[in-house]
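Take a walk through this structure with the model open beside you. Each stop below picks out a place to look.

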Amino acid sequence: MTDLLKQLRPEMTSLLNCFSAPAVLLCSDYTVLAANQAYRRVFGDGKPLQGRRCYEIMAEAGYTCRQGGNQCPLDTCQRSGTDQHVVHSGTSGNAQIDLYPIRNDSAEVVYFLELLILIPQSVVQSAPAMVGNSPAWQDVTALIRRAAPSEAVVLLLGESGTGKELAAAAIHQGSRVRNGPFVAVDCSGLPETLFESELFGHEKGAFTGAHSRKIGLVEAANGGTLFLDEIGDIPLSLQVKLLRLLETGYFRRVGGVEPIRSQFRLISATHRPLERMVEEERFRQDLYYRLNTFPIVLPALRERLEDIPPLAKAILQRLPVAKGLHLHAGALDILQHYDYPGNIRELRNILERAALLADDIWILPEHLPANLQHLPGQKKSGTANAVSARQSSVPGVAEIIPLAELEEQYLRWARGSYGGDRRSLAQRLGVSERTLYRKLDALRSHTEHVVEP
């Protein structure tokens, strides 16, 4: 450690203070050799930082590394010798880590430069929920976390209803302009005659009916994020004006002569094949390259059917008409064997309709649309379970029985069918964790004493 500190050139340590983000110089055993002022301001605790392990410093500040299941970029960098870029999540928020190997005159890696962009937990929690655990969706969320803190122009691609506006809002919440406005523009819903006025605004008297000055959406997005949804529907005649705005940062209101500056983070989205439209000269090639800096393709729902259970649960929690309702196993099985041409938007419509038809606390297979009732690959037990659920709100109970026995049966079912931990199960049941433990212990003891002769 002492030898390494002696080898450090003064310009190397002073270089760290050129970064506004927290920056630190590490050696191969995770030891901190030097840190800039931003790093000391965020992670300083009154103790010297030099000589301490970087993961210990991060953990004390609430940003977990390998101990929290996150990938250590320094480990990977030592194996590959290449730059590493990862996002770590922790109790204090998310941390984007960019790590670069520093080589000596012999091309040997001697140090590692680590830059951090921190997103506080309050911002992470306020971002719209991105629900899903499938590999396809995890890839998308990783790209969103990577793009959000940067200033890169993001292009969201995918079928209609895959959640592109939700992804755009998540990028905005994780960006440096998160405290600014988030202005969403539906380009497909604006007629060509009004598009320019809506986007850039107009001056009083610019055209018939322009009785006063109007601020456009581009101007309203100043200091925040401008989200151009369905950008493939922008008329070709107006694409050149949009390109000029993106290239210069300036625009003119309709009927105006003075250039106006607007600084914003641009995110665009479309379900149309822009590359083919460029080939067919229906979309400007220069605008396409300007928008396609960081493309993110959102998968169709049929490509992530394993996410149906958490998605359905999240949707039901947000539907006022579905308050107190639960999805029966038979209905969930049906939902997991459907292709969803309308993607998440269609799933929401299906659940909202089913919630209106449900008379008890269960959404049953019979509450789903008729075209979903006989899909191939469904479990044969779904219908039998639905019959049982119609007879009672508790699965497996079809007659009047003592309340104590009813509670035992329900606890067995809840314990066996719920995929979460006991703490969250207790929350779902509306009891304390201690009460749930006590009831499960009593149930276990009762089961052990019931022995067949």
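Asn-179 sits in the loop between helix 8 and strand 7 (182-186). The model is a predicted one. Is Asn-179 buried or exposed? Its relative accessible area is 78%, so Asn-179 is exposed. Look across from there to Gly-223. The two residues are 44 residues apart along the chain, yet their C-alpha atoms are separated by 8.4 Å.

Now step back from the loop into helix 8, which spans residues 164-173. The setting changes. Helix 8 is largely enclosed by the rest of the structure, because seven of its 10 residues are buried. Which residues of helix 8 are buried? They are Lys-164, Ala-167, Ala-168, Ala-169, Ala-170, Ile-171 and His-172. Several elements help to cover them. Among the covering elements are helix 7 (135-147) and strand 6 (154-157). Strand 7, strand 10 (225-229) and strand 13 (265-270) also take part in covering these buried residues.

Helix 8 also leads to an open space. The second largest pocket holds about 540 Å³. It is lined by 22 residues, and those closest to its centre are Gly-161, Thr-162, Gly-163, Leu-166 and Ile-344. Three elements give two or more residues to this lining: helix 8, helix 14 (308-318) and helix 16 (343-357). Which of the elements supplies the largest share? Helix 14 does, with four residues. The lining is mixed in character. It divides into 10 nonpolar, four polar and eight charged residues. It also draws on two domains. Domain 2 (135-297) and domain 3 (305-372) each give at least three residues to the lining of this pocket.

Follow helix 16 next. Asn-343 lies in this helix. How much of Asn-343 is accessible? Its relative accessible area is 0%, so Asn-343 is buried. Set that beside Asn-179, which is exposed at 78%. Leaving out residues up to four places away in sequence, Asn-343 touches Glu-159, Ser-160, Gly-161, Thr-162, Ala-300 and Leu-301. Two of these names are familiar from the pocket: Gly-161 and Thr-162 are among the residues closest to its centre.

The backbone at Asn-343 also deserves a look. Most residues other than glycine have a negative phi. Asn-343 is not a glycine, but its phi is positive, about 60°. A few places back, Tyr-340 lies in the loop between helix 15 (329-335) and helix 16. Tyr-340 is not a glycine either, and it has a positive phi of about 55°. Is Tyr-340 buried or exposed? Its relative accessibility is 0%, so Tyr-340 counts as buried.

Turn now to an earlier part of the chain. Helix 5 covers residues 73-80, and its buried residues include Pro-73, Leu-74, Asp-75, Thr-76 and Cys-77. Gly-81 follows helix 5, with a positive phi near 75°.

Helix 5 borders an enclosed space. How many cavities of 30 Å³ or more does the structure hold? It holds one. About 110 Å³ of space lies in the largest cavity. Its lining consists of 13 residues, and nearest its centre lie Cys-54, Cys-65, Cys-72, Pro-73 and Glu-114. Helix 4 (54-60) and helix 5 are the elements that give two or more residues to this lining. Helix 4 gives the most, with three residues. By character, the lining of the cavity divides into 10 nonpolar residues, one polar and two charged. Pro-73 links two views here: it is buried in helix 5, and it lies near the centre of the cavity among the lining residues named above.

Finish with the whole chain in view. It has 20 helices and 16 strands. Of its 453 residues, 43% are buried. Count the contacts with a separation of 6 or more: residues 24 or more positions apart account for 62% of them. The accessible surface comes to about 24,100 Å². Carbon and sulfur atoms hold 51% of that surface.

Conventions:
Residues are numbered from 1 along each chain as its sequence is written. This is a predicted model: local features need pLDDT of at least 70, side-chain atom pairs count only at pLDDT 80 or more; totals for chains, interfaces and linings use all residues. Side-chain values use heavy atoms; hydrogens and water are left out. On a 1 Å grid over the protein atoms alone, a cavity is a set of points where a 1.4 Å probe fits but cannot get out, and a pocket is an open set with protein on both sides within 12 Å along at least five of seven lines; lining residues have an atom within 4 Å of a point. Grid points are joined across faces, edges and corners, and a volume is the space filled by probe spheres set on the points. Ala, Val, Leu, Ile, Met, Phe, Trp, Tyr, Cys and Pro count as nonpolar, Asp, Glu, Lys and Arg as charged, and the others, Gly among them, as polar. Domain bounds come from an automatic or database domain assignment. Buried means under 20% relative accessible area, exposed over 50%, partly exposed in between (1.4 Å probe, protein chains only). Contact means heavy atoms within 4.5 Å. Accessible areas come from the Shrake-Rupley method with a 1.4 Å probe; for residues, only the protein chains shown count as cover.
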